[in-house]
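The following exercises ask you to read a structure closely and to justify each step. Please work through each task with the sequence and coordinates open before you turn to its solution.

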Amino acid sequence: MGERSRAAASLRQHLADLAGRAGVTLTEQELADLAPVYRAYRDGLERLGQSLSLDDEPAVIFERPVGRQTP
Amino acid sequence: MLPLADLSARIRQRSLSPVELAEAHLARIEQFDDELHCYLTVTAERARSDARRAEEEIARGAWRGPLHGIPIALKDLFDTAGLRTTAGSRVLRGRGPTRDAAVVERLAAAGAVLLGKLTLHEFAMGSPRLDDFFPPARNPWDLNRIPGGSSSGSAVALATGLCAGSLGSDTGGSIRHPAAHCAIVGLKPTFGLVSRRGATVLSWTLDHVGPMARTVEDAAIILQAIAGYDPADPASARAAIPDYRAARHGAISGVRIGVPRAYVEATPGLEPEVLAAFDAALEVLRQRGAEVRDVTLPMAEHAEAILLTILLSEAIAYHAPWLRARRHEYGQGFSVRLLPGLFFTAADYVQAQRGRRLLCRGMDELMAEVDLIATPTMPRAAPTFAEEAAASPIPRSPCTRLFNITGQPSISVPGGLGRHGLPVGLMLSGRASDEPTVLRVAASYERATEWHGRIPPLLT
């Protein structure tokens, strides 16, 4: 098994483990199909993370996007 | 195909019978829906009963308002008591809610006549496939093309006169995409303005419910009926409800419209015909007195990561029990989009929410400088079913998704014709709770152009 194959197998195992946390079992074909999607999402999150400063910590993790007007 | 507002005026004058109007729509559904597949359930007896009641009430002077006696149909993710509500999925094929969704209650109170429940992409996110459990709706401008989604049946039914008004839901663009592809009007209101109680969830913090219609005035009429505080929806806001129909009147001179030109022109897959139609639309707005200027969108390059991380994480939280027990019942077009949500971590979700907060803050600053942001609704005209099936499983909605993240109101109106003579949309997005400006500028553009009156070739 070459290095690229080992890396691909390792990634598929990683994805299988992540899905397993939710109790979902993915087929080998699904894991192969989803690997490039996973990489694309990770790249986007990596770029996002680099743009977020630790000096800009939110008071709350989620705040309603439009100001709440409570009764 | 008269606008809802014209039908309403005739009903009020008693020159048009709600019963005859309902029968005419049922006959059109019978005639065209075998090809279009926009109805999942036709409620003919309910429609006749609703119409008879409306006719009797109006005859004795008890006119309820502009939706009284108007035949409408609903995306099949809004709960209807005693009528199946499937969310377009085999998973829920036999589901029969016991209570109407909040918006269904409001439309019933306004006297609307329910024709039936409309096709959608599975669970409001699937990618339509010709072998789906429920056959996908077809684009009336070219039956080999998708109508856009996920509120596909709503747009098709409106474009072909199979209903006079409808509702959609919009998590990344699901009202505005099909509106653009079918040449109708779709309005995603401000987050919290319209209750989502009884609407199938895709993403708690991104889902919006809004009107779909043939004209801006019709959308305003429907919004008037469904807007308002609902304590049963935790996201609902107690906001003042202005007269939306009246708000569409008036000049637009001096309205400041920002154009994120660099973002638009860098959109992957942007068709030159879409850009040309967009520039022509901006010229119309300029001629009507708007001040159009280029702007830079904050954090826009991260919008896809922010939206999809939040959307898919929340969707997985909702779907996990069914994914474990009934995964074989999901369609391929939905599974391939949902399953990557399994791979996000809690840290990813937190990062996306932090990014969302910064994007919202930056957008607030931008909206202090302009009144509206204009973009094409979609970068391309409707693809064929084959093209859609071969496309990336990563949902692409570069312009619409921004305003799901921020919760701002955003409307798509017919904005010209693109490749192959297919419709394209102009999208106008305003400040939070400023639907009146959005409607006013959209109506002004509509009055100056003829795109909203185009009839799909299927009907000519």
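## Exercise 1: Backbone exceptions

B:Arg14 is exposed, because its relative accessible area is 56%, where exposed means over 50%, buried under 20% and partly exposed in between, with a 1.4 Å probe and protein chains only. Residues are numbered from 1 along each chain as its sequence is written, chains are lettered from A and ligands numbered from 1 in the order in which they are written, and side-chain values use heavy atoms, with hydrogens and water left out. This is a predicted model, in which local features need pLDDT of at least 70 and side-chain atom pairs count only at pLDDT 80 or more, while totals for chains, interfaces and linings use all residues.

Task: state where B:Arg14 is found and what sign its phi has.

Solution. Begin with the position: B:Arg14 is found in the loop between α1 and α2 of chain B, where helices (H or I, at least four residues) and strands (E, at least two) are DSSP runs numbered from the N terminus. Then take the backbone angle: phi of B:Arg14 is near 65 degrees, which is a positive value in a residue other than glycine.

Task: find which loop holds B:His37, and decide whether B:His37 is buried, partly exposed or exposed.

Solution. B:His37 lies in the loop between α2 and β1 (39–42) of chain B, and its phi, near 55 degrees, is again positive in a residue other than glycine. With 25% relative accessibility, B:His37 counts as partly exposed.

Task: describe the peptide bond from B:Gly149 to B:Ser150.

Solution. This bond is cis, with omega near 20 degrees, and B:Ser150 belongs to the loop between β3 and α5 of chain B.

## Exercise 2: The sides of two helices

Task: compare the span of helix α1 (residues 3–21) of chain A with its expected value, and locate its buried residues.

Solution. The expected span is 1.5 Å times one less than the number of residues; for the 19 residues of this helix that gives 27 Å, and the end C-alpha atoms are 27 Å apart, which agrees. Next, the buried residues of α1(A) are A:Leu11, A:Leu15, A:Leu18 and A:Ala19. They cover an arc of only 95 degrees around the axis, so they sit on the same side of α1(A), the arc being that of the directions from the helix axis to the C-beta atoms. An α-helix has 3.6 residues a turn, so residues three or four places apart point the same way. The face turned away from the buried side carries the exposed residues A:Glu3 and A:Arg21, and the cover over the buried residues includes α2 (28–51) of chain A.

Task: which residues of helix α1 (residues 4–13) of chain B are buried?

Solution. They are B:Leu4, B:Ala5, B:Leu7, B:Ser8 and B:Ile11. Their arc around the axis is only 160 degrees, which puts them on the same side of α1(B). Among the elements that cover them are α3 (44–59) and β4 (165–170) of chain B.

## Exercise 3: Buried polar and charged side chains

Task: what does the side chain of B:Asp33 reach at 3.2 Å?

Solution. B:Asp33 lies in helix α2 (residues 18–36) of chain B, and its side chain reaches the backbone nitrogen of B:Tyr39 at 3.2 Å. B:Asp33 is buried yet has no salt bridge, the nearest side chain of opposite charge being that of B:Arg84, 9.8 Å away; a salt bridge is a side-chain nitrogen of Lys or Arg within 4 Å of a carboxyl oxygen of Asp or Glu.

Task: is B:Asn139 buried or exposed?

Solution. B:Asn139 counts as buried, because its relative accessibility is 0%. Its side chain reaches the backbone oxygen of B:His181 at 3.2 Å.

## Exercise 4: Salt bridges

Task: how many salt bridges does the structure hold over all chains?

Solution. The structure holds 31 salt bridges over all chains. In one of them, B:Glu329 pairs with B:Arg93, the closest N and O atoms being 3.0 Å apart. This pair links distant parts of the chain, 236 residues apart. B:Glu329 counts as buried at 11% relative accessibility, whereas B:Arg93, at 36%, counts as partly exposed.

Definitions and conventions: A polar contact is a pair of N or O atoms within 3.5 Å; within protein, one must be able to donate a hydrogen and the other to accept it, and residues adjacent in sequence count only if both atoms are side-chain atoms. Lys and Arg count as positive and Asp and Glu as negative; His and the chain ends are not counted. Contact means heavy atoms within 4.5 Å.
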